[in-house]
Amino acid sequence: MADELERPGENGESQDPAAHLPAPSIWPFGFALGVALVLVALIISSWVIVAIGAILALVFGFLWIRAATREVRATPPPEPAALTADVEEEEGEEDDGEPRLSRSLFLEGATLGIGAAIGGIVTLPSVGFMVLPAFLDQEYEQIDLGPLESYPRDQWVVAKFRGTQAQPDGVARRTAYIRYNGQQDGTPSFTILSNRCVHLGCPVQPQGLTDEEAQMIETEAGGVELFKMAPSGFGCPCHGGAYDIEGNRTAGPPVRALDRYKYSIHNGRLRLDEPYSVGKVKGTGSDAQIAAYDLVDPGQHVDGPEQFFYPYVP
Amino acid sequence: MPKTKSKRQQQIEAVALYPVDWLEERSGLIGGLRYFLFRKVPAETNWFHTLGSATLTAFIVQAVTGVILAMYYKPSAELNPETGKPIAYESIETITNDLTLGWLVRGMHRWGASVFIILLFLHMGRVFLFGAYKYPRELNWLVGAVLLLMAMGEGLTGYLLPWDQTSYWATVVAININANAPIAGPFLGDFLRGGQEIGSETLTRFYSLHMLVIPGGLAGLIALHLYLVVRLGITPPPWTKAAGGYEAQPNGGRPARTGLVNPSPRGNGNGGRERRES
C-alpha cells in the first residue's frame, strides 16, 4: 500500500515515527454492509435488495479506494467527519486541535459494541421466551355446565369439572359453587362462586352438609359432577378465612369477597365464562349488587387504599 | 524419616512430583492450592468457624444427590393412563420404593435440604455474633445474603417436584405470597406459575430453576464468597487479644489479617492495595 499518511500528532510520545497508519475511514463499513446485503439477498432471493447492496458496495468501495489512494494522488486528506465528534478528549495525541478516533479506542469500542450486539441477539429472544409465554395468550376456556334444568331454583350445588383442556386431568380440575336465582328480567340469574380462597389460593369448602351422591352431566369437555349442598357459608382450611354465602368475607385473612365466574346461556345450557374478582357484594341472589373488578391473584386488594399497591396487573 | 534419602526414594519422589510440577508450571494451581491450605489464620480460630465449610459440604451433598436423582426423576404432570397417577409423582414413588438405594439418596437430598438451610442460618448467626460482617467484609455479608435467598429458592422450587397434594397446595400458597408483593408481585406470580394457573408449566419451570438456574448461581456465588474469605482473612472471635490490622511480615509475604476487635484505621489511602505489592 502506498499509504504515506501521517496522523496528526504522530510526533507525540509513544508513536513510532516510522509507522504509517491508514487514515481512519468509515467507507469499509459501508462496503462490507453492501457485500453482506448482497449475500443475504441472494439467500432470500430478493433482487431488489441485491441491487441495493451492489450499489452500496460499489459506491462505498469507490469512496474507500479514493480515500486510500488520496496520498498517491497528492490531495490533502479530509476529516472523516462522522467519527470525530465525540472522541475529542479520549486520547492525548491530538495536538493540532483536530481530534481523531484512535486505533485502540476504535478497537475497544468495536469489541464492546460487537460483543454487546451478539450478546443481545442471543440473550433477548431467550429471555423473551422465558418470560413472555407466561403473560401472553392467556385465555380462559368456556366450559359447558349442562342444561339449565340441572340447577333447581335457590339450590346450591358444588360443580366439579375440567377447567381447561390444556392441562392434564388432575391439575385441570376446577370447582365452583353455583346457585340458580330464578329469572330476572326474563333471563336466568346465577350466582357462581370460585372456590379459590382470596387469601392465598387454597380451595374453600362449603360450611354445611353436602350430598355424597353426584349428579353426572355429560358434556363435551369430560362431564360435570354436581353435588347438592346447603351451606351456611364457606371456609378455607388453610388459614381460617370465612365467607358468607354471597362470598363476602366474614372472618380471617381474606382481603376481598370470593371471585365469581361470568356465565352465559347457550341453547338452554349454562356456560361458564371467565372469572372476575369482587370487592364486596350487597344484597343476595339476583338482586345482588356486585363490585366487580378484573381478575387478580389471591391476596391482592381491589378496593380501599391498598389497591394502589397493585397499579399494574398483567 | 531418615535424613538422607536412598536413591530409590529419590526416584519415587521424582516420579510422584513430576505431574505436580508439570501442572504447577503451566497453571500455578498447585501454588494456589498451597496458599489456600497453608495460609495464616488467627490463633483463636475455633469450631464455630467450621459452620461455613459445613454449609459448603451440605451444598455439595445436595448437588451430588440432586444430579443422581435427576437421572431418574421425570418432571411431567401428565397422568399415566394405566395407573391414573401423575408421572412426576410416580417417578418419585419408583425412586423411593423400587430402585436400589433410591430411598437413601432421595432421603439424603430431602433431609439434606433442611440441613443446608439450618447450617446456613447457624453460619449466618456465627458471622453476626462475631462481628465478621464489619469492614472490610461487608460485601461478603451481602453475597451471603443472596446465597441465603437462593438457597430458600431451591427449597421452594424443590418442594413442588414430588407433585403431590402437599407440594401442590404449599406451592399455591407460596406463589400467591410472592404475588402479593406490591407492584412487581402480580408479574412475579405469573412468571413463577408460567401463566395464571399452576399447572404442568409450573412443574417444568420449577424443575429447570431448581436444577439449573439456581444451583449455577449458587456455585458461582459460593466461589466468590470463598475468594473473599481467603482474600480478607478469617475473623478471630470477639474475645481475641490480638491487635487489629495487618501484621508486619518479616519475609515480606502477604500478612494474615488479625483481630477486628481493635480494627486498623479505616483505609490506608490506597484501598488496601499495598499488601499485594509488599
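# Group meeting: strands, helices and a chain contact in a predicted model

Let me begin with strand β1 of chain A, which is mostly covered, four of its five residues being buried. I should say at once that this is a predicted model, and that everything I go through today is to be taken in that light. Staying with β1(A), this strand is joined to β12(A) by three bridges, and the two run antiparallel. Within that pairing, A:I143 has A:L272 of β12(A) standing opposite.

If we follow β12 back towards the N terminus, we come to the loop between β11, residues 257-266, and β12, residues 269-282, of chain A, and this loop is where A:N267 sits. What is the sign of phi at A:N267? It is positive, with a value near 55°, in a residue other than glycine. For context, most residues other than glycine have a negative phi. As for its surroundings, A:N267 has 7 C-beta neighbours inside 10 Å and therefore counts as exposed, the limit for that class being 12 or fewer.

Chain A also contains an open sheet of four strands, in the order β5-β8-β9-β10, with antiparallel pairing. Its edge strands are β5, residues 205-207, and β10, residues 249-251, each of which pairs on one side only. The partner of β5(A) is strand β8, residues 233-235 of chain A, and the two are held in the antiparallel sense over three bridges. One of the residue pairs here is A:Q207 with A:G233, the latter being the bridge partner in β8(A).

To put these pieces into the whole chain, the secondary structure of chain A comes to five helices and 13 strands. Of the 314 residues in chain A, 24% are buried. Among the contacts in this chain between residues at least 6 apart in sequence, 50% join residues at least 24 apart.

Now to the helices. Which way do α1 and α2 of chain A run with respect to each other? Helix α1, residues 27-43, and helix α2, residues 47-68, pack at an angle of about 155°, with their axes 7 Å apart. An angle over 145 degrees counts as roughly antiparallel, and α1(A) and α2(A) are therefore roughly antiparallel to each other. The crossing of α1(A) past α2(A) is left-handed. On the α1(A) side the contact includes A:W27, A:F31, A:L37 and A:L42, while on the α2(A) side A:I49, A:L56, A:F60 and A:W64 are among the residues met. Taken by type, the residues of this contact divide into 19 nonpolar and four polar, with no charged residue.

In the segment before α1 of chain A we find A:I26. With 16 C-beta neighbours inside 10 Å, A:I26 counts as partly exposed. As a note on the extent of the chain, the C-alpha atoms of A:I26 and A:G240, which lie 214 residues apart along the chain, are separated by 71 Å.

I turn next to the contact between the chains, where 23 residues of chain A are in contact with 24 residues of chain B. On the chain A side, the largest share, three residues, comes from helix α5, residues 169-172. That side divides into 15 nonpolar, six polar and two charged residues.

A:Q138 offers a closer look at a residue of chain A that meets chain B. It is found in the loop between α4, residues 103-131, and β1, residues 143-147, of chain A, which brings us back to the strand I began with. Which residues does A:Q138 touch, once its neighbours within four places in sequence are left aside? They are B:G195 and B:Q196. A:Q138 is exposed, with 12 other C-beta atoms within 10 Å. Its C-alpha atom is separated by 10.0 Å from that of A:P314, although the two residues are 176 apart along the chain.

Let me close with two backbone features in chain B. B:Y135 and B:P136 are joined by a cis peptide bond, with omega about 0°, whereas most peptide bonds are trans. B:P136 has its place in the loop between α5, residues 102-129, and α6, residues 138-160, of chain B. The second feature is at B:I183, which is not a glycine and yet has a positive phi of about 65°. B:I183 lies in the loop between α7, residues 165-179, and α8, residues 185-193, of chain B, and with 12 C-beta neighbours inside 10 Å this residue counts as exposed.

Key. Residues numbered from 1 in each chain as written. Chains lettered and ligands numbered in written order. Predicted model: local features only at pLDDT ≥ 70, side-chain atom pairs only at ≥ 80, totals over all residues. Axes fitted to C-alpha atoms, helices over the stretch in contact; angles between N-to-C directions. Parallel < 35°, antiparallel > 145°, perpendicular 65-115°, else oblique. Left-handed = near helix turned anticlockwise from the far one by under 90°. Contact = placed C-beta atoms within 7 Å. Nonpolar A, V, L, I, M, F, W, Y, C, P; charged D, E, K, R; others polar. Buried ≥ 20, exposed ≤ 12 C-beta atoms within 10 Å, placed from the backbone. Pairing = 2+ DSSP bridges.
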